[in-house]
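Colleague: I should like to learn how a model of this kind is read. May we go through it feature by feature?

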Amino acid sequence: MVYFIFRRLGLAALSLWGVATIVFVMSRLIPGDIAGVAAGRFASAEQIEHVRETLGLNKPLVVQYWDFLVHAVHGDLGTSAYTHQSVVSGIGAVLPATIQLVVCGMIITILLAVPLGVLSAVNEGRGGDTAIRLILVLEGGVPVFWLAIMLRWIFGSILGWFPISSTNSLNGAPPHVTGFSVLDSLLFGDFSNVLDSVGHLLLPAIALSAPFIATLARNVRSNMMSALKSDYITFAVSKGVPPGRIVIHHGLRSALGSTLTIAGMQFGWMVSSAVLVEAVFSLPGVGSYMYHAIVNHDTFAVLGAVLIIGFVFIVTALIVDLVQMSIDPRVRNVQVGVA
Amino acid sequence: MAESLIQVRELSKRFGVRGRAYQALDSVSFDLRQGEVLGLVGESGSGKTTIIRCLVGLEKQSSGSISYLGKNLGQVSASERRRYRRDVQMIFQDPYSSLDPRMTVRQILEEPMLVAGGFSARERHDRILDLLHMVGLEEDHLHRYPRHFSGGQRQRISIVRALVVGPRVLLCDEPVSALDVSVQAQVLNLIKDMQKELDLTVLFVAHDLAVVKYLCTRVIVLNSGRIVEEGPVARVYGAPQDAYTRQLLEAVPIPDPAVERERRARRLEGTVRR
Amino acid sequence: MKTEDKLPPGLPSTHPDRRGEVSFAYRFSTATSPLAVGRGLGGLARRLFGAKTFLINRIAFGLVAVLLLLALLGPVLAPYDPNAPNTNAALQAPGAVHWLGTDDVGRDVLSRILTGATQTLISAVLIVVFATLIGVIVASAAALAPRWADEVVMRVCDMFMSIPSLVLALGLAAALGPSLTSIIIAMVAALWPATARLTRGILRETMTSAYIESAQIVGMSRLRLMVRHAIPNSLDAIYVHASMEISGTIVMMSGLAFLGVGAPPPSADWGSMIAQGQDFITTAWWVSLFPGLAITLSAVAFGLAGDAVRSLADPSSRRS
Amino acid sequence: MDARSPILNVSALSVSVPEKLRIGGGQGDLRLVDGVSFQIRSGERLALVGESGSGKSMTARALMQLDRDVVLKGSVCWDGTELLGAAPRRLREIRGAEISMLFQDPMTALNPVLTIGEQVAEPLLVRGVSKKNAYRKAAQILDRLHVPKAKERLRAYPGQFSGGMRQRVVMAAALVAEPKLLIADEPTTALDVRVQEQVLDLIEEQSRELNLAVLFITHDLATVAGLAQSVVVMHHGKFVEQQNVDDLFSKPQHPYTRGLLASVPRLDADPNRRLLTVEDYMANHGGESLG
């Protein structure tokens with residue numbers, strides 16, 4: 001068990017190094033003179049030369065790579081060419097907002113996808129199943145950013161039910177403490193603050209969760225279906241276990257393992273989709289940060305964001321695996337090695 | 001005593017690493033002699049299949065040696081290795097997965113000859129047809145795909161595939177355990193006939209002691225990767241020396257109600273065990 | 001054929017050897033694969049649209065056929081020049097002249113969607129084809145290589161997969177500069193590792209089947225094993241994966257374009273059309289709405305078709 | 001209840017798969033079991049023997065109505081009530097408490113994520129027995145089935161058990177609610193010969209002690225010899241013959257049965273006598289040929 005935890009930690013570290021390497025390679029892919037790009041469009045030859053030196057671009061590639069890794073380990077991903085702010089602190093300031101959005105999207109996803117998948121699997125081949133699958137296919141094909149625009153237009157502009165941008169109304173913003181607006185409101189604001197924060201979060205979270213609901217529900221469906229077809233379900237039926245208990249206690253319990261894995265990976269994918277949603281709703285977050293960096297050709301900021309999102313992804317996967325190891329007897333027994 | 005074709009010496013095989021290692025074979029030594037049908041019996045996990053897989057090179061032994069005609073296979077030249085591959089063929093347990101579903105029967109049967117080399121088109125055709133008729137299949141089966149055949153027919157095709165290159169040794173890994181009883185008898189008879197007709201040496205792995213008794217001349221009993229008993233079938237079955245062999249033999253049900261009832265009564269009264 | 005071969009899914013097979021679960025590759029390879037039979041275009045058409053295919057699958061294949069046709073003929077069918085601004089006709093609502101309205105510089109939305117179809121759909125197909133090719137080649141090479149090299153290649157794939165593909169593609173495309181080529185390169189770079197990983201898994205499973213082992217015993221070289229047995233028997237699963245990928249690729253491409261890393265203006269791209277229209281959505285909803293519908297329709301059509309291909313390849317799920 | 005009157009009366013039972021659910025198409029409904037009849041008396045051990053595709057397992061599953069997509073016809077009369085067409089609630093009452101079932105593969109019949117205790121006690125738990133009592137009963141039954149350290153094992157997961165032990169756990173779950181009939185669907189096929197012997201002994205032992213009727217499904221005539229009192233032979237979904245066990249082995253009536261008996265290699269037979277196959281008998285007797 002301990003061996004496997006260490007092995008898993010080692011793998012995570014290896015992945016982090018890999019992500020950093022990929023980002024480094026990407027940073028050298030930029031066509032033309034990196035220093036020229038970094039110094040800005042109107043920089044003089046001297047300024048470019050200066051930038052070249054500060055970035056260490058005149059050193060051999062291996063040394064640059066090493067410097068990059070050392071800096072990255074120390075939490076230094078360079079300086080944004082646009083805001084002239086450290087990339088890490090820039091992203092650090094907005095990361096909580098993104099995490100909050102993703103967690104909210106995740107909750108919506110799980111709340112909808114699990115029941116839908118279960119219902120669909122239980123009714124396999126019948127009308128209900130077909131209807132759910134059709135809805136999922138339609139909803140899974142909708143591009144997130146377009147859905148975000150449409151939701152904002154319909155529920156924000158036409159119906160006026162929800163605010164159309166930002167995390168809080170001007171007078172509803174709580175002091176910035178944790179960066180999680182809902183949490184901050186809970187800590188310092190009154191109930192209307194909380195409501196305001198949640199209201200601002202709802203539309204983006206719904207838009208964000210759409211494609212993930214489809215993926216997760218389909219995954220739950222197929223896991224449930226194979227669970228429901230297994231011998232142990234037949235055995236449970238033959239023991240006189242009522243259908244409700246069969247589905248929840250036997251089916252869902254054993255289908256949950258791989259659902260958890262998928263949900264964990266979705267967390268990472270959601271962080272990347274947040275780029276699109278945040279751009280639409282002009283929410284401060286890693287996504288908006290990345291979007292503005294792209295628009296401003298701020299390559300180091302873009303790559304910094306890539307690295308951070310990769311980091312979040314790896315850490316989530318690590319946590320999910322460790323959780324799974326501790327709750328699933330199948331995995332646990334393999335670890336312990338009992339035949 | 002007949003010439004020894006394959007000599008297995010101190011064969012050991014471990015799977016896995018460090019704390020989780022599992023000893024599948026533990027210094028197994030035996031000879032496979034010209035013309036005999038040697039049975040390897042044991043329960044699941046006894047290592048019987050691992051022996052066969054080491055013999056055909058699908059598994060690499062952890063230690064020990066395998067020699068063919070007196071030459072250690074670990075040190076032979078490439079041409080001798082080719083000869084071994086041609087002389088030693090194998091039949092698998094599962095007739096459903098041992099034939100490539102995307103090939104016609106003709107392609108499946110020609111392949112070993114093409115790989116081994118040295119067969120003209122005419123020869124290939126003739127050999128396939130000869131063997132096909134011997135196992136009771138027809139020429140027009142040749143252009144069909146495996147999915148068109150029943151389990152028993154597929155196992156016959158597997159037998160032909162193993163025999164087309166003219167091997168001296170046939171290794172059988174539980175070839176009938178996946179078949180229905182009525183089909184099982186046909187395939188057993190077929191292996192028996194082919195063995196006589198083609199003067200084959202057979203290593204027959206099985207968990208069913210009755211099948212081994214019907215087919216084999218000599219038997220090796222394996223338990224957890226070790227040989228516990230070895231000898232001519234009549235002797236081992238008639239007077240087993242090892243306690244494990246005796247347990248195995250006693251557990252085989254006999255299709256005779258009177259005998260079985262008596263045996264059970266004896267068991268239940270003699271032991272309030274476990 | 002024996003009776004048990006025809007049992008519906010879920011019913012137990014009584015054959016002693018069929019107990020336990022049937023593996024992915026095994027299901028795809030030894031079962032009667034309809035993808036493998038019916039050679040030629042006629043056979044393909046019968047497979048896809050024949051009476052035995054489910055209605056929903058036929059609809060999906062029909063939609064995909066229509067979409068691909070539109071992609072090929074888009075520029076010809078477009079009633080107006082998609083890139084010609086006409087300030088006199090800016091932001092016109094859908095009507096008899098401009099069926100889907102015009103954008104802020106007076107370009108015909110329908111014409112732009114039609115030309116955009118060519119670009120989006122063809123590049124999506126190309127991306128998936130390239131990513132699959134690279135993935136299959138890498139996976140096959142890894143399967144043939146010594147174990148340590150195999151391990152290294154797979155670890156590299158894992159590392160690529162540790163960055164969500166949208167972000168990876170975004171970073172790459174941003175670094176390479178806005179153009180259709182850089183989007184294609186970025187997307188292929190982001191997608192191939194997953195395909196390679198999957199293909200390696202399928203190959204590994206196929207390689208353990210008894211028919212491969214029996215070829216190994218006769219002394220067949222590993223290269224020939226791959227080419228003769230392993231790859232052909234893995235193809236179904238690879239096709240299925242590829243066909244499922246197209247839908248996601250379309251959506252992701254449009255997302256990249258939406259963020260401004262796609263083909264530079266004035267090129268008609270569905271994603272950038274939506275981006276362009278979002279600022280005046282309250283007054284001219286049609287500029288954003290219709291390209292979005294086009295993306296959704298394409299994604300759904302290709303998604304359904306992918307599902308259909310899977311159900312054709314896997315008889316045990318042949319039910320709709 | 002009179003020991004002589006049958007507790008289960010199956011008459012003209014047919015099982016078929018509707019045309020639209022047949023995999024790979026094919027015309028018409030696929031008939032898996034075709035008009036099979038037999039009876040089981042209380043405490044009687046009846047064996048249902050046949051090769052793959054004979055419909056023996058389908059018959060067993062049809063008694064419990066475990067398959068949703070098949071069409072059942074005929075009559076299955078349990079203890080005076082007709083089961084075909086009975087309300088789902090009534091079926092649930094019977095399953096596990098009056099009729100229970102053992103499966104072929106003990107490795108897949110247990111849910112890997114639930115504890116042994118939970119799975120053994122379940123038939124009681126779903127009938128409102130308190131958790132404490134149900135678990136105590138579960139420990140008792142495991143003990144009866146010679147599972148060592150039964151009480152501690154309740155907290156274990158199936159992954160920690162060997163094949164033979166798992167089959168005992170499955171049996172414990174099947175017997176915990178004291179049913180009157182145990183349907184055993186090839187319970188020893190996946191097991192090694194020594195474990196098979198133990199499981200067969202256990203089934204017989206429980207049947208004797210609890211006056212438990214047993215319907216034993218198998219393809220292996222030899223396992224039936226010492227266990228069953230009466231044997232039904234099936235072939236291609238059809239009833240072939242039924243006899244008491246001694247008569248079936250000494251004077252089989254149908255050529256198929258004779259072929260089945262002759263084609264099994266026996267430990268007590270002369271290996272030089274060639275095995276006869278079912279085909280030999282069927283051909284001699286002008287019966288239908290086998291595919």
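Modeller: We shall take confidence, a sheet, two domains and a chain interface in turn. This is a predicted model, in which local features need pLDDT of at least 70 and side-chain atom pairs count only at pLDDT 80 or more, while totals for chains, interfaces and linings use all residues. Residues are numbered from 1 along each chain as its sequence is written, chains are lettered from A and ligands numbered from 1 in the order in which they are written, and side-chain values use heavy atoms, without hydrogens and water.

Colleague: What is the mean pLDDT of chain C?

Modeller: The term pLDDT denotes the predictor's confidence in each residue, from 0 to 100. For chain C the mean is 77, and 81% of the residues reach 70 or more. Over residues 1-40 of chain C, pLDDT stays under 50, and it also stays under 50 over residues 315-320 of chain C.

Colleague: Which order do the strands of the open sheet in chain D have?

Modeller: Strands (E, at least two residues) and helices (H or I, at least four) are DSSP runs, numbered from the N terminus, and two strands pair if DSSP finds at least two bridges between them. The open sheet of chain D has six strands in the order 6-7-8-3-9-10, with mixed pairing. Its edge strands, each paired on one side only, are strand 6 (99-102) and strand 10 (238-244) of chain D. Within the sheet, strand 3 (residues 45-49) and strand 8 (residues 213-218) of chain D pair in the parallel sense over five bridges; D:Ala47 stands opposite D:Phe216 in strand 8 of chain D.

Colleague: Where do the domains of chain A lie?

Modeller: Domain bounds come from an automatic or database domain assignment. For chain A, the assignment gives domain 1 (2-73) and domain 2 (88-329). Across their interface the rule finds one salt bridge (a side-chain nitrogen of Lys or Arg within 4 Å of a carboxyl oxygen of Asp or Glu). The side chains of A:Asp321 and A:Arg8 meet in a salt bridge at 2.5 Å, N to O.

Colleague: How many residues of chain A are in contact with chain C?

Modeller: Contact means heavy atoms within 4.5 Å. By that rule, 46 residues of chain A are in contact with 43 residues of chain C. The size of an interface is often given as the accessible area lost when the parts come together. Buried area is the accessible area (1.4 Å probe) that two parts lose on being put together, summed over both. Between chain A and chain C it is about 3,900 Å², of which carbon and sulfur atoms give 79%. A:Phe145, A:Trp146 and A:Trp153 supply 15% of the area that chain A buries against chain C, more than any other three residues.
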